[in-house]
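Open the model in your viewer and keep the sequence panel beside it. The stops below say what to select next and what is there.

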Amino acid sequence: MHDSFEAQLLKQITRRTLFKQVGYGLGGVALSSLLAESLMAMAPSPVQHVAKPHFAPKAKNIIFLFMAGAPSQLDLFDPKPTLNKFDRQACPEELIKGERFAFIKGTPKLLGSPYKFEQVGQSGQWVSELLPHFREIADDVAVIRSMQTEQFNHAPAQLFMNTGFQLPGRPSMGSWLTYGLGTENKDLPGFVVLLSGLNNPDGGKSCWGSGFLPSVYQGVEFRSQGDAVLFVSDPDGVPREVRRDTLDALRDLNGIKHKETLDPEIETRIAQYELAYRMQTSVPELMDISKESAATHEMYGTEPGKKSFANNCLLARRLVERGVRFVQLYHRGWDHHGDAEGNDIKNGLPALCRETDKAAAALIKDLKQRGLFDETIVVWGGEFGRTPMNEGKGGSPFPGRDHHPRAFTMWAAGGGIKPGSLGATDELGYNVVEDAVSVHDLHATLLHQLGLDHTRLTYKSQGRNFRLTDVFGNVVQKLV
């Protein structure tokens, strides 16, 4: 009895118990309001709102066309006549002294591009013959030829480009945006991911994870074939009424548990169950691209029911049209080392361009004709660039390029992004010599266009405030 009396006394005087008891009252009020929605799954998610930005935004949504594996900028956007002049000659030692490469050993040979470049449009953008459809949108696009990153292996570089950090555990840019701004459609996630290409990104699902943010802000993967979202459909033999009763029971049980623990993830769980219920109606209509016009299918090169980058570009337009905040497309296969036929810049690179060029250009044209271009930013690029030297792994006869973080190209369009060219690299394409843009700078600029100050968009975790750009990043004024 003495032990019991001491326990009761301690329970009455500890700060933790005080806050817990007060929290029960406040949490109960909030939860009762949450659960008072109609039985037809109207419980709101924390992300299903439109929050007030820090200042007037230029854009509402972002579509990120992520070319996982890293495209060769030297064969697509950054022509180098000097590199072609010294093709297959030994790389100057002073250029690579002390340099670390992913695979290159010894003294590599320079590798000129086998492709012709031409200046196109009124802007005079340089573009490779591998991208004939990009020519049609060249005047709408800002080509950034001076990107730099800190990572030279795929997984950490993909994580860095998506989360601002090279290790798993940080929130992705899409998560930060939905945390900061919410979404305009209560029946769809605020952050959607679409996959195509050879396989999934090396960085895995951490590329679109929510890290230490509430899990309601993580990216939701939509599949092109079968059920668009796994486990959303009713199980065989379970009618909608039974499903609704089951969700109501789970909601009540989660509500009881929330009263005990005050765990915010329980509120997320309640909201996500209800969102999944609503998605049973909204997602099938969204994913059915067969009702798009014949002209639209011709423009994108889409085939309903097929898993492809083209289908995903059309889906991306349909998603932002419905108010989804951040849509990310991953197309894996751009890792052209030249260690085999088909994995080189002579055969493999043209194949990837044929898979993606038409649809990416169609997305820009489609957004423009629907009045969505001014409020939607489209970003294209990979996690780093490729070397101006031939990798020559194992004496392979196929031309290929190693990973290169020092200089690469990305492009962005729409949402107040200023068209034109930004930045330059040296005569071999090895180093940036003008207007360097870091990954943190790119993140800061994209957030800025959506009305968010990257230094003020923070979340406290483990005793400190975190942000997408860490303690770095500046808005690139020449882009806005």
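## Stop 1: strand 8 and its neighbours

Select strand 8, residues 376–381, in this predicted model. Six of its six residues are buried, so strand 8 is largely enclosed by the rest of the structure. Show the side chains and look at the two faces in turn. On one side are Thr 376, Val 378 and Trp 380, and on the other Ile 377, Val 379 and Gly 381; all of these are buried, which leaves both faces of the strand covered.

Add strand 1, residues 61–66, to the selection. Strand 1 and strand 8 run parallel and are paired over six bridges. To find one position in this pairing, pick Leu 65, which stands opposite Trp 380 of strand 8.

Then add strand 11, residues 408–413. Strand 11 is antiparallel to strand 8, and three bridges join the two. Here Val 379 stands opposite Ala 412 of strand 11.

## Stop 2: the largest cavity

Keep Trp 380 selected and turn to the enclosed spaces. Rolling a probe the size of a water molecule over the atoms shows where empty space is left. The structure holds three cavities of 30 Å³ or more, and the largest has a volume of about 80 Å³.

Which residues line the largest cavity? Select Phe 77, Leu 131, Phe 134, Ile 137, Thr 356, Asp 357, Ala 360, Ala 361, Trp 380 and Trp 411 to show the lining. Colour these residues by class: eight are nonpolar, one is polar and one is charged. Helix 11, residues 348–369, gives the most to this lining, with four residues.

## Stop 3: strand 5 between two partners

Move to strand 5, residues 191–197. This strand is mostly covered, with six of its seven residues buried.

Select strand 7, residues 326–332, as well. Strands 5 and 7 run parallel and are joined by seven bridges. Pick Ser 196 in strand 5, and its bridge partner in strand 7 is His 331.

Next select strand 6, residues 220–222. Strand 6 is also parallel to strand 5, and three bridges join them. In this pairing, Leu 194 stands opposite Phe 222 of strand 6.

## Stop 4: helix 6 and the aromatic cluster

Select helix 6, residues 173–181. Eight of its nine residues are buried, and the helix is thus described as mostly covered. The buried residues are Met 173, Gly 174, Ser 175, Trp 176, Leu 177, Thr 178, Gly 180 and Leu 181. Just after the helix, Gly 182 takes a positive phi of about 75°.

Now show the rings. Across the model, the count of aromatic pairs comes to 15. One of them is Trp 176 with Tyr 179: the ring centres are 6.0 Å apart and the planes stand at 70°, over the 60 degrees required, so the pair is edge-to-face. The two residues are three apart in helix 6, which means that about one helical turn separates them.

Are these two residues buried or partly exposed? Trp 176 has 1% relative accessibility and counts as buried, because the cut-off is under 20%. Tyr 179, at 24%, counts as partly exposed.

Follow Tyr 179 to its other ring partner, Tyr 459. This pair is edge-to-face too, at 5.5 Å centre to centre with 85° between the planes. The pair links distant parts of the chain, 280 residues apart: Tyr 179 is in helix 6, and Tyr 459 is in strand 16, residues 459–461. Tyr 459 counts as partly exposed, at 23% relative accessibility.

Widen the selection to Trp 176, Tyr 179, Phe 212, Tyr 217, Tyr 459 and Phe 466, which form one aromatic cluster. At Phe 466, look for Arg 464, which lies over the face of the ring at 3.9 Å from its centre. A similar arrangement can be found at Phe 165, where Arg 170 lies over the ring face at 4.0 Å from the ring centre.

## Stop 5: helix 12

Finish at helix 12, residues 439–449. The helix is mostly covered, with 10 of its 11 residues buried. Among the buried residues are Val 439, His 440, Asp 441, His 443 and Gln 449. Just after helix 12, select Gly 451, which takes a positive phi of about 85°.

Definitions and conventions. Residues numbered from 1 in each chain as written. Heavy atoms only, no water. Phe/Tyr/Trp six-rings, centres within 6.5 Å; stacked < 30°, edge-to-face > 60°. Buried < 20%, exposed > 50% of the residue type's maximum accessible area, 1.4 Å probe, protein only. Lys NZ or Arg CZ within 6 Å of the ring centre and 35° of its normal. Pairing = 2+ DSSP bridges. 1 Å grid on protein atoms, 1.4 Å probe; cavity = no way out; pocket = protein on both sides within 12 Å on 5 of 7 lines; lining within 4 Å. Points joined across faces, edges and corners; volume = space filled by probe spheres on them. Nonpolar A, V, L, I, M, F, W, Y, C, P; charged D, E, K, R; others polar.
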